[in-house]
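Thank you all for coming; I would like to take you through one structure this morning. Please have a look at the sequence and the model first, and then we will go through some parts of it together.

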Amino acid sequence: MPPRTSNAADPAPTPAEPRPALRVAVLADSDTRWKWGALTARRLTAEADGGGRGARPVEVSGLLLRGRATPTPRQLAEVGEVGIDAGRVREVTAVEFLHTVRDEGYDVVVLALVGGGVQAMLHGLAALDLTRRPVVVTGYVGVVYEKLADGLLLRHGADIVLANSAHDAERFRAVYEGVGADASAVTEAALPFLGGAPYRPEEGRDTVVFAAQPSVPASRADRTYLLRRLVEHARLHPRREVLLKLRSKPGEHTTHIEELPYQKLAQKVPGGLPPNFRLVYGHMGEVLDRTDLLVTVSSTAALESLHRRIPTAILTDLGVRETLGNHHFVGSGLLTSWDRLDGGFRPRPDGQWLAGQGVAADGSYATAYDTARAKVVELLDEAQLPPLAPYYTPATAPGYLPSILARHHLAPDGTPLPGAAAPQETGRVRGAVRETVRNAARGAYRHGVQRVAPVIRRMGEL
């Protein structure tokens, strides 16, 4: 039989039906967790939105959990490019978030929250009893150096608990298995915001950056000491640019409370600040573009710096202590003091330690999310996802769980407490008034936490 030839009468081939968008919601409670959550959502859905055959568009919605650390528009802008328009990010209460999930039909939810917030949302989502619930993902924004068991068990129940390194994945599984909890949700990945060009020294450039942390160290004496040594380093090296990289401006909150901002301490430096010393803000990646040595106590910025092979130093001046978080870097080869840095010493990281930390300076970072991405696809293909089953329940933790849920206006069974659900707005004027009152109340709360509470605590120590 001769081959069939086409002619004008043949019907045109039917174009393939466009696949529905993959809908993702990111709920965050601070600036750094917003950065982690938004970029994690992008990493997990990169192939779905890749434009290849069978790819489906991805729609990511940004939601901020209302609280003391809710980021300001300036902080959102400073986070950098995360693929979500900051102007379209909106604040919600826990109950409003649950109503949004119920009404919007998301496919994936990324919970970028403190442990108690994750636990509350897991119980709230379970109580919705949705016919088709979303895949739930959570994890940590950086180095996990405190409250390991507490934080992990509060995150248990999510479909995927991301670990930022092989080292963390091993620790996470050990905690879950040690209490008899299912550890299959633990999935090794990496910090989603690592990137940037590898370090290359430039002739004529000599820049030292100290990455400050809001709550480490906590005391005035320790913070004053670090600032003094940084200023002295600038005076010892007048041709070197010395930058103090700050997370927030006074009055703003981050993931951790900053009771003693370096900006205020800097105003009292004897003799004033030298001309080669500056306080800087902005996206950490942009600051690292011009950094020749990063110095910190234990900031996650150290991992960003190591990923780019920038010389990095972890200070021992205040000791190597769990409360400082620098104990995490034992074995790294990075621990040193200001005295040695003043003399020109530059630490060299231990290769074996680096290999277990997920910084992927070897170039393998491109595949770091492959396993997690495949797991999301597998869960999305499930005909019916099993009910969310957190380790903590009213039966297993009756003296702990109810108070965690109550902070988010949820009953012990995960349902909203009476009066927690916001009434429907009846017009734009009422909505605007309600939002103004909320903003004023939040401002007063933040003022109390940052300005009044520290004074009361110091008076109590007299």
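**A walk through the model**

Let me begin with L315, which is found in strand β12, residues 312–315, where strands (E, at least two residues) and helices (H or I, at least four) are DSSP runs numbered from the N terminus. Before going further, I should say that this is a predicted model, in which local features need pLDDT of at least 70 and side-chain atom pairs count only at pLDDT 80 or more, while totals for chains, interfaces and linings use all residues. Residues are numbered from 1 along each chain as its sequence is written, and side-chain values use heavy atoms, with hydrogens and water left out.

Is L315 buried or exposed? At 3% relative accessibility, L315 counts as buried, the term standing for under 20% relative accessible area, with exposed meaning over 50% and partly exposed in between (1.4 Å probe, protein chains only). Not counting residues up to four places away in sequence, L315 touches ten residues by name: F210, L226, V295, T296, V297, N326, T336, S337, W338 and L341, a contact being heavy atoms within 4.5 Å. One of these, T296, is 19 residues from L315 in sequence and 6.2 Å away in space, C-alpha to C-alpha.

That leads to the nonpolar cores, each a set of buried Ala, Val, Leu, Ile, Met, Phe, Trp, Tyr and Cys residues joined through side-chain atoms within 4.5 Å. The largest has 82 residues, and those with the most contacts inside it are F210, L226, L227, L244, Y262 and V295. Apart from it lies another core, of 43 residues, among them V92, A94, L125 and A181.

By way of contrast, A383 sits in the loop between α13 (370–380) and α14 (401–406), and at 74% relative accessibility A383 counts as exposed. A383 and R132 are 251 residues apart in sequence, with 8.9 Å between them in space, C-alpha to C-alpha.

Finally, a word on confidence, for which we use pLDDT, the predictor's confidence in each residue, from 0 to 100. The protein has a mean pLDDT of 85, and 79% of its residues reach 70 or more. Over residues 423–432, however, pLDDT stays under 50, and the model has 4 contacts beyond four places in sequence for them; pLDDT also stays under 50 over residues 456–462, for which there are 2 such contacts. Where pLDDT is low, the predicted coordinates should not be read in detail.
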